[in-house]
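Thanks, everyone. I'll go through cavities first, then backbone oddities, then one buried alanine and some strand pairing. Please have the viewer open.

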Amino acid sequence: MLLSILAEAIVQAQDAVNAPAMAETERVIVTGSNIPTAAEVGPNPVDTYRRDDITRLGVRTPTDLLQKFPSVSGAVSTENDNEATTGEVNISLRGIDPKETLVLQDGRRVATTGTGNPAVDLKIFPLGLIDHIDVLKDGASPVYGTDAVGGVLNVFLIHRFRGMELYASYGNANLGFANDMGEETAYLLAGAGDDKTNVVVYAGFYNSAGIFARDVDLMHDVDATPYGGQDNRSGNFAGHIGSASQPVDVIYRPSRNHGAKSPTPHAYPNAASDPEYVPTSSVPREQRSFNFGDYDSAVAPNDREYFYGSFDRDICGKSLTLFGDMKYMRSFWQWVGAPSPFNADPFTDVNNPNGISATGISVPLQNPFNPFTVADYVSPGGADPRFPQSRESAAPAGTAFTTRVRYRDLEAPPRGEHILGDNYIFTGGARGNLAAFGDYFKTWEWESAVRYNEDHRTDTFIGLINAYALRAALLDTNPATAFNPFSLSQNSKAALNRIFINTQMSGATRLLTEDLKLTGDIVDLPGGPLSFAFGGEHLNNHLTFFSDPLSAAGQTIGEFNIGSLRGGRDSWSIYWELRLPVTGPNWNLPGVRSLELDYAERFESYSDFGETERPKFSLRWQPFGGSPAPLTIRASYIEAFHAPSLVELFGTPFTIPTVVFDPRSSFTDHYVPGVFTGNPSLQPELAYERTFGAVLTPETWCSWLQGLTITVDYGHIDLRGFATQLQPQFIVDNESLFPGLITRDPGQGNRIVSIHSPYLNVGGFIENYIDFSVVETFQTSRLGHGDWGTFTATLNGTYLIDVKIQAVPDAPFENVVGKFGAGFQFGGNYTHNRDYLSLFYDGAADGWLHGLDAGVTVHYIGQYWDDRFYTNNLRDRKVREWTTLDLIINYTFSAPVPATSNSVAGLTKDRQSPGKETPAQSTADYNACGWRSWLNNTTLTVGMNNVFDEQPPFVAAGIGDNYDKGSANVKGRFWYLALTKRF
């Protein structure tokens, strides 16, 4: 609904390009309010990034987009992540959690991802189709409803276009430290219409190769001790028994058995007495653990295809307009990793419901390849009724076992994850005005629409271990068919095919939105019109997730196991807004040139949570006159409500190995099973926010300050009852606050057996921040020596004053600002400073540099403290700042303009939004066959990101990756070329 009114205003502005005064009073919808406004600066802090701005920032992917926004921090998911996040790109304004940032398309909601992640995947938006993006940097739940706690990302797509645009681009990282990674992008954008009709179509694709960890110095070895971290290599490799924290820790040496790749069967009592094994500490350090960094993807390859169409048609002038659009995205993401580790024991019993072996697996003595004759453990069989899933894996009573056998078969297929996604969005509606009912209603406008959005993801896991088959193969006494976990990867193809499998899971979220809105002026007051917005909205949200039967039963090894789930919710809301102009240009007082008060409130009713009603109050004060107003002071108070998502409520348990440091027991393995679940008892979150800021445009005070704009906003967020799945290390560090979430085994050194992390309403999250920007647009003609072009300098940044978290209600708050992984979430940093500084030059319109647009951007992420538990000396260490420099040069070819040509209303140099007009072209100059014809309206782009090939700083707590994937990347120096042709 926001875009439709904005688009209507754009059309009217296009019809009035020769009447500047009329354009100045045009009212449009601005993100953060449903009431149209003509104010140059509103009461809400909104950053707008138009098509050119996105290009200038060096944005090539959705990951680039969110990493270059200064207001993004904390734990975010990006395409740089490997298996942990399924390649999704989720924005997290203010670093609270991605689910606290509301993502809109053209002012309406879109569905979260079908993987069950309660956040929107930004990959559903093709960059070539974006008209502009509004980033609302304060809360907006009273305006948009639940989820808008940290802010709003409103992506506006192109709905007005004339002609055709072809775009092709290629880039590569082969000039940097990460070696080769090709990237191709192409699209076709076309549009037609008249003063009543607009039609736009778009088709595009994106394809990117991957980068392996072995190609990056920082990642090729997960032994991070040379950098100051810990050795994160795996103990699960062939020939290994036990671990450093246990009495037995040995490795098989073929040289002690005549070069045989498998130990002598049933030859010695146990591992401690077998001369074919040696203590792990006696072999070279490089051979003591397995480096999975040699196999893992650092940046997974992926590709996407997009199709889009939109239309709008005036039926009865502006009294009735029909509109609609559809968008489809198909995506594919592929992660590759080392063969599956045998990191979960397939055997359990009544005494060991989480696995007989603390680490590795247990192998029956009857296995024909078992080199030992004396059992480490004889199982009584049975299952613990507290763990019903353990019935499936119960060992036969009386089975004698060798325990703590570690294994990974390098002849097995590589482990991997392939995710196929389909995202559909259909929108249809009508809008109009009520001017036909009389002059009183000439400002009244209405809009109603229905949107259906479905996100479907199919997740295929490659090379997992079937626990049923593994048990049978280990119990098998026939050497021809049994599995040998003691060999150095000597199992036959038939044996491997018996236990290794592929599994598949699929999920879908469906969101149906129905809305109706009415806006207008109620009465003219001395300071201006009293305006209102009133509307209602119905949302139907549905989530389904179907798991592979083996995974649902918890019977796969090598990746997480998860069950199926289904959930749904309906919500109804009514909202209203009022804008009261106390003073205005025509009626004011000294020092109160313009004073405006805004009030918004929203009532929501949920099918599963009851009702809530939350307000927002805003103020905009301009003490002095002038255009633009030299000083605008604004402030807001917001109360936000966030209902739990469906996956937070109904998510079934899934188990995945997690890295923890246990200060209470040295017997705890480096990798501990983490069990993550939903929580039907979860309660809504509440937030109380306030902002205060000022916008200074002093050119009316001093002509030499023309083009200068300074913006500063202070914000405070107080989020209570924050719902999250706690990071396992956070639970370990605060074990006394979360009784029952950690299971320990007193009989084995009080080691941690598993960590349970359901969604919980924890204590709170308080953040104070300052957003700032300085923009100077300097036109060289002001120097009085002709027009030599325009320089634009921009500084945009965020300073986090503090970030405080509270583990449970009534507990003291801990300030985690300037730290990594110190929040409730997995990873992410809360550095004080994030900003970028850019300088761009645009050639003079009638000079020899006409068509040139070139510039440089410096991106800066400040220092922060690492998590000391992951350093090699368990001491605090600073993560250095990361500064990168990007360059870009655009040149648009154009032939001389005939003196008799007329302007084409509403078409800019990029032919997609109102502004600077492009003269109509002479057919004599442009339609002739020749190179000038082909070059006309062609833009050549040459760019390079990270010019100085800066590696991201090492982060000890970035387990397995050695850096912060949310705020940095390992592409290194990346160059690209792009060609845009407009017809």
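Start with the second largest cavity: about 330 Å³ of space lies in it. Now the terms. We use a 1 Å grid over the protein atoms alone, and a cavity is a set of points where a 1.4 Å probe fits but cannot get out. Lining residues have an atom within 4 Å of a point. Grid points are joined across faces, edges and corners, and a volume is the space filled by probe spheres set on the points.

This second largest cavity has 22 lining residues, and K68, H859, W882, T884 and N969 lie nearest its centre. Two or more lining residues come from each of α4 (62-67), β39 (833-842), β40 (852-861) and β43 (882-893). Those labels are DSSP runs numbered from the N terminus: helices are H or I with at least four residues, strands are E with at least two. By class, this lining has 7 nonpolar, 8 polar and 7 charged residues. Nonpolar means Ala, Val, Leu, Ile, Met, Phe, Trp, Tyr, Cys and Pro; charged means Asp, Glu, Lys and Arg; the others, Gly among them, are polar.

A word on provenance. This is a predicted model: local features need pLDDT of at least 70, side-chain atom pairs count only at pLDDT 80 or more, and totals for chains, interfaces and linings use all residues. Residues are numbered from 1 along each chain as its sequence is written, and side-chain values use heavy atoms, with hydrogens and water left out.

How many cavities of 30 Å³ or more are there? The count is 15. The largest holds about 500 Å³. Its lining has 37 residues, with R109, T112, D147, N541 and S645 nearest the centre. Strand β22 (528-546) is among the elements supplying at least two of them. In fact, β22 gives the most, with 4 residues. The class split here is 17 nonpolar, 11 polar and 9 charged.

Next, the backbone. Most residues other than glycine have a negative phi, and most peptide bonds are trans. Here are the exceptions to look at. The peptide bond from S627 to P628 is cis, with omega near 0 degrees. P628 is in the loop between β27 (610-622) and β28 (631-642). N750 is not a glycine, yet its phi is positive, about 60 degrees. Its loop runs between β34 (742-745) and β35 (751-761). D810 also has a positive phi, near 75 degrees. Find D810 in the loop between β37 (790-806) and β38 (814-815).

Are these two buried or exposed? Buried means under 20% relative accessible area, exposed over 50%, partly exposed in between (1.4 Å probe, protein chains only). N750 counts as partly exposed because its relative accessibility is 24%. D810 is at 80%, so D810 counts as exposed.

Now A271, in the loop between β11 (249-252) and β12 (277-279). A271 has a relative accessible area of 10%, so it is buried. Leaving out residues up to four places away in sequence, A271 touches I241, V248, V250, Y277 and F372 (contact means heavy atoms within 4.5 Å). V405 is 134 residues from A271 along the chain, and their C-alpha atoms are separated by 10.0 Å.

Last, strands. Two strands pair if DSSP finds at least two bridges between them. β31 (685-696) and β32 (708-720) pair antiparallel over 11 bridges. R690 stands opposite H716 in β32. β32 also pairs antiparallel with β36 (764-779), over 13 bridges. There, I710 has V774 in β36 as its bridge partner.

Note on methods: 1 Å grid on protein atoms, 1.4 Å probe; cavity = no way out; pocket = protein on both sides within 12 Å on 5 of 7 lines; lining within 4 Å.
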